Amino acid sequence: MKKKYFLAFFFICSLIVNAQQNQQKTDTLQEVVITSSRIDLPFKENSRTIQLITAEDIKKSGVTNVADALQQIAGIDVRRRGTSGMQADLYIRGGSFDQTLLLIDGFKLDDVQTGHHSMNLALPIEVIKRIEIIKGPASRVFGQNAFTGAVNIITKDSLDNDASLRLQAGSYGQFSAAVTSGVSLNESNHIVHFSKNISNGYRYNTDFDNQNFVLKSFFNKNKLPITMLVALSDKKFGANGFYASPAAIDQYEETTASLVGFSTVIKKGNFTWKPKVYWRRNEDEYIYIRKNPSIYRNLHISNKIAAELNGSYTSNIGVTGFGIETAKVFLSSNNLGDNNRFLSTLFLEHRMEFFNKKLDITPGVAVTYFSDFKFFAFPGIDVGYQLLDNVKVYGNLGYTYRIPTFTDLNYKSPTTIGNTNLEPEKAFSQEIGLKWNMSNFNLSAAVFNRNSNHLIDYVKMKVTDPWQAQNIQDVITKGFETQLLYSFNLNSFAQKIQFGYSFIQNDIEESTYTFSQYSLNSLKHQFVGSYNMKFLKNFTNTISYRYSERIAGDSYSVVDLGASYTLNAFELSLFANNIFNTEYSETNLVPMPKGNLLFGVQYNFR
């Protein structure tokens, strides 16, 4: 099986190298400025592994939510429970959901209770401009939650007085309605979105009722623009087997996540300042027996109030990036108790260029104070060299930490017990990569290594024992990943082929415990591919393929199909998921749906 993937990869590369040169010029996003760091750089100049998903990519693929869009990127492991991104956990390069940071426009969505809630506020695709995926040690840039990487969702700036109405219906009683509108005034721009998504469920007790609201406004746009972002996501869903065990078929959960943030950009001379303040809230109610909450019920309410001041200064010796972040987090819980934590982080980095800008070196450090775990430092360095006009080699290394969540420390149930004596996780990560970017052809490849110590796992000696949180793991994670994109014309119609492959190997220090929850969860082999084709003027369709094999040995292949047809102001769409009825699960033995369809119609007002 593995030989077939490598042969297919090299065969496709040979086709590209020998392809005719008169191809259509495509936007390869090389000039897109990556906003995920204090030093703003065009995509092609970064010396890290960064991948982009644009709004156009999402539209052509036919997917309806962020979780499904991220599934098409090698090295990203999105473990879903059910359809429509209802509940999903985000992993990068074999890390856990607690080791992956999700951001919206740079606002950090980390949750002091658990990283399991990160995707609760993943935005509706109608308001997304692009998604920036930063892989590898990112704590130097973002702080402690970016242990293995980060995902930054960038929202659209305006819709130019446009509006749209979208209706979708399909298998399992799925129905969704969404309204998105943009207003552009002399001194302000506004985007408003509301959507509702319901389903009867694809099996017993997997029904859901989700609502999303987003408001983004630019004020004072002709002088000093101030951006306001308000987002709210309310989800209610049956959670058959989602958590405790596959036998727990009557679980139920409600989550309400919200974000209110203000930001601006001030440029004066050689300085650029980016202040921001925000409030992130999450409420999670979990009921073990849906119709009898008195048996077991958890209610957690977490709040984060934060302020950041980031900046950069350009001089004759390069660009210096700096910043300070302070945050106070609160948790009120009937299970975990009332807790709070104060943290403050100082960031400093400097980018230098040599040999006519062919060589760039960016050392940096983040130093964080935690009120309950004191000081930690995250030093790191990025190095890049432009071999040819379109070919760049790069490398980076850095230290990362993760302090335990309040769930790790204090959780208690009949099956799981936290541990107040846990120590922070830490790791030293290294990476070497290559980028080959042309107008219609992009190829990237990277090898990486992560030496992790004191990883937190839930373990036990006997089947009848409860799970206990412990710092028991020292793990060496080695891996390789590559991504290829090729655009061409066929009878004057644009075509796009994309492939990605990742390999991960974990060398785990042998544990004295008999059972472990998280040791063998990584994707050992992951292959993703898609072909976006167009043969008629107003008709496009995409076929997507995913092969996943976990370290434990489970493997599966899934094929999806998306199609759309434009007729004046109408857009008709079809998304067919798992068209070959593969039986598989992505986490906790929760069976994913077999073949299902979602039909849609959208009307665009102009």
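**Legends: asparagine 210 and the whole chain**

**View 1. Asparagine 210 counts as buried, because its relative accessibility is 4%, and buried means under 20%.** The model shown here is predicted, and every value in these legends is computed from it. Asparagine 210 belongs to strand β13, which covers residues 208–219.

**View 2. The contacts of asparagine 210 are shown here, with its neighbours within four places in sequence left aside.** Which residues is asparagine 210 in contact with, once those neighbours are left aside? Those that come before it in the numbering are Met86, Ser195, Lys196 and Asn197, and those that come after it are Asp234, Lys235 and Lys236.

**View 3. The protein chain as a whole comprises five helices and 34 strands, among them strand β13, where asparagine 210 is found.** Along its principal axes, the C-alpha trace spans about 65 × 60 × 55 Å. A compact globule of 606 residues would have a radius of gyration near 25 Å, and the 23 Å of the protein chain agrees with this. Of the contacts with a separation of 6 or more, 60% are accounted for by residues 24 or more positions apart.

**View 4. The burial and surface of the protein chain are shown here, together with its charged side chains.** Of the 606 residues, 56% are buried, and asparagine 210 also counts as buried. The protein chain exposes about 25,900 Å², of which carbon and sulfur atoms supply 60%. There are 60 positive and 54 negative side chains, and the centres of these two sets lie 4 Å apart.

Key:
Residues numbered from 1 in each chain as written. Predicted model: local features only at pLDDT ≥ 70, side-chain atom pairs only at ≥ 80, totals over all residues. Heavy atoms only, no water. Helix = DSSP H or I, 4+ residues; strand = E, 2+ residues; numbered from the N terminus. Rg over C-alpha atoms; globule rule 2.2 N^0.38 Å. Buried < 20%, exposed > 50% of the residue type's maximum accessible area, 1.4 Å probe, protein only. Contact = heavy atoms within 4.5 Å. Areas by Shrake-Rupley, 256 points an atom, 1.4 Å probe, with all protein chains shown as cover. Lys, Arg positive; Asp, Glu negative; His and termini not counted. Charge placed at Lys NZ, Arg CZ, Asp CG, Glu CD.
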